[in-house]
Amino acid sequence: MRSAKDFFKPLAVGAPAPISEVPARPSRMIHFFDPSNEKMAAKVPGLVGTVDVLLGNLEDAVKADRKEAARSGLVAIARATDFGEHTQLWTRVNSLDSPWVLDDLTTLVTEIGDKLDVIMVPKVQGAEDIHYVDRLLAQLEARAGLTRPILVHAILETARGMASVEEIAGASPRMQGISLGPADLAADRRMKTTRVGGGHPGYLVRQDPVGGDVTADRTIHQQDLWHYTIARMVDACAMHGIFPYYGPFGDIKDVVACEDQFRNAFLLGCVGAWSLHPVQIDIAKRVFSPSVEDVAHARRVKEAMGDGTGAVMLDGKMEDDASLKQCLVILELADRLSATDPELKQLYAA
Ligand code: 1VU
Ligand code: MG
């Protein structure tokens, strides 16, 4: 068994020391682009400063015969682009059983490792997958002479990954966060959906028959297919001090349902979601930044609670130590976002 003390020692001679706390950098939208798609790649420099994370995707949605073009395209984009202080560069590599992943990791870490903040690993099954990536990254970081460790983000998209989510979240000090991968997870679980995230009209509860008349109209309420999965992922991440994310919403045209899905995830504790198309960037920015009203309310509660103990009445509601703690979560997030987003800083200050 590895000693707790060893956890923070580098896994290869010459690799940077592991971190003990994951930096809480804004990551409201992880914006996906295909580096082998010239049109999309051309948009990347213009997105710097407008998105929290730019992710060069090498895995699903990149055609098999474009995998190498995507990898070399990402190297070229990373070298040519100044990502500034507020936009991070992430990548999603191919799955660990694929013929491409070894070259993905070797090339990216040795050629653009100094620019890469986080590597997203798809289809993670258990802690052993993270341990493999952890050691390999340490060896490659040492070879590349990197001075800070590249962090790892797992996608939760298999039933086994779901059953091991707590172990995955705590598998390495490199773990930055976990995203829900609803499409692959649905297939692996043999769910009977054909969508990329979001709800389903067939997953519902129906009002009981009024007066026993089963033929009369009855109210139906669509239910959330993802509630259990997201809630469990959030707990696993919170328990290990890493960040949970809702993943993709595939119905690009349905911006209303996308916003609903993102907001459900935000309320349950997620810090961001993936944007697959430029239209989803502003949705994520809006949803994953606390509202001006919530920030103002949180400030009032903080002020009313004085030293933070006891109970007070505010607008007819009881506030106490526990409601204050929730308000402090909102205020901490507002402060963090204000530090990088002048527009929000002004709105929250008003
Ligand atoms: O106006 P232009 O023609 O110059 O540009 C188009 C298009 O190229 C561009 N655009 C993007 N730019 C940057 N980043 C993007 N992600 C992006 N998507 C599109 O915007 C202009 C308008 O585009 P459009 O409305 O005509 O859309 P398209 O039909 O070109 O593309 C739509 C899709 C969905 C195919 C495209 O947005 C895309 O490929 N997005 C990324 C998909 C992806 O990464 N999937 C993997 C993650 S999801 C997963 O793994 C689970 C299922
Ligand atoms: Mg997937």
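In this predicted model, the side chain of His277 places an N or O atom 2.7 Å from an oxygen atom of ligand 1. Next along the chain, so to speak, comes the backbone of Leu276, where an N or O atom lies 2.8 Å from a nitrogen atom of the ligand. A nitrogen atom of ligand 1 also has a polar side-chain atom of His31 at 2.8 Å. On its own, ligand 1 has 980 Å² of accessible area, and the protein covers 62% of it.

The surroundings of the ligand fill in the picture. The shell around ligand 1 holds 16 residues, and those that come nearest are His31, Phe32, Lys43, Leu276 and His277. By character, the shell divides into nine nonpolar residues, four charged ones and three polar ones. Two elements of secondary structure, β1 (residues 29–33) and α1 (residues 38–47), each supply at least two residues of this shell. The most generous contributor is α1, which gives three residues.

It is also worth a look at what joins these two elements. The loop between β1 and α1 is home to Ser36. Is this serine, Ser36, buried or exposed? Its relative accessibility is 11%, and because buried means under 20%, Ser36 counts as buried. Beyond its neighbours within four places in sequence, Ser36 is in contact with Val62, Arg66, Ala69 and Ala70.

Note on methods. Residues numbered from 1 in each chain as written. Chains lettered and ligands numbered in written order. Predicted model: local features only at pLDDT ≥ 70, side-chain atom pairs only at ≥ 80, totals over all residues. Heavy atoms only, no water. Near = heavy atom within 4 Å. Polar contact = N/O pair within 3.5 Å; in protein donor to acceptor, adjacent residues only side chain to side chain. Areas by Shrake-Rupley, 256 points an atom, 1.4 Å probe, with all protein chains shown as cover. Helix = DSSP H or I, 4+ residues; strand = E, 2+ residues; numbered from the N terminus. Nonpolar A, V, L, I, M, F, W, Y, C, P; charged D, E, K, R; others polar. Buried < 20%, exposed > 50% of the residue type's maximum accessible area, 1.4 Å probe, protein only. Contact = heavy atoms within 4.5 Å.
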